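Me: Could you take me through the pockets here, and then the surface around them? I'm in my first year, so please explain the terms as you go.

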Amino acid sequence: QPPSLILFPEGTDLSPRNIAKSDTFAAQNGLPKYKYVLHPKVVGWSRSVSLLRNSCPAVYDVTIAYHDHSKSERPSEMSLLSARYPREVHLHVQVDLL
């Protein structure tokens, strides 16, 4: 059975503090500012792929979109733990063979 690894490259949630950190990173590196996601942290991703390349046949790239959350509230661990769930959750899955 090939290994499984779940990695959240953004590393955290979309809090105002984390958005500001992502925007600062973008400005320092000549990248665009994102509105709905954070810039990924790629060091862990690169290391994982280099170690698993020979034993893991594919990477599943999953994007999760929450629709109709409370007005002006971004989904977070706290909102989910407080039973404030989005009305819809959309998944986009792309399979990349290694």
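Reply: Here is a walk through the pockets, then the nonpolar patch, then a few single residues.

A word on the model first: it is predicted, so local features need pLDDT of at least 70 and side-chain atom pairs count only at pLDDT 80 or more, while totals for chains, interfaces and linings use all residues. Residues are numbered from 1 along each chain as its sequence is written, and side-chain values use heavy atoms, with hydrogens and water left out.

Rolling a probe the size of a water molecule over the atoms shows where empty space is left. In practice, a 1 Å grid is laid over the protein atoms alone, and a pocket is an open set of points with protein on both sides within 12 Å along at least five of seven lines; a cavity is a set where a 1.4 Å probe fits but cannot get out, and lining residues have an atom within 4 Å of a point. Points are joined across faces, edges and corners, and the volume is the space filled by probe spheres set on them.

The largest pocket holds about 1700 Å³ of space. Its lining has 43 residues, and F8, P9, E10, V62 and I64 lie nearest the centre. Helix 2 (43–52), strand 1 (58–67) and helix 3 (77–81) each give two or more residues to that lining. Those names come from DSSP runs, numbered from the N terminus: helices are H or I with at least four residues, strands are E with at least two. Strand 1 brings the largest share, nine residues. Sorted by class, the lining has 29 nonpolar, seven polar and seven charged residues. Here Ala, Val, Leu, Ile, Met, Phe, Trp, Tyr, Cys and Pro are nonpolar, Asp, Glu, Lys and Arg are charged, and the others, Gly among them, are polar.

The second largest pocket has a volume of about 170 Å³. Residues lining it include E10, T12, N18 and F25, and the whole lining splits into three nonpolar, four polar and three charged.

Now the surface. A nonpolar patch there includes Y60, V62, I64, Y66 and L80, and its members together have about 1100 Å² of accessible area. To join such a patch, a residue needs over 30% relative accessible area and no salt bridge, with nonpolar side chains (Val, Leu, Ile, Met, Phe, Trp, Tyr) joined within 5 Å; for like charges the limit is 9 Å. A salt bridge means a side-chain nitrogen of Lys or Arg within 4 Å of a carboxyl oxygen of Asp or Glu. The areas come from the Shrake-Rupley method with a 1.4 Å probe, and for residues only the protein chains shown count as cover. Strand 2 (88–97) and strand 1 each supply at least two patch residues, with strand 2 giving the most, five.

Y66 sits in strand 1 and is partly exposed at 39% relative accessible area (under 20% is buried, over 50% exposed, in between partly exposed, using a 1.4 Å probe and protein chains only). A83, in the loop between helix 3 and strand 2, is partly exposed too, at 48%. Its phi is near 65 degrees, a positive value in a residue other than glycine.
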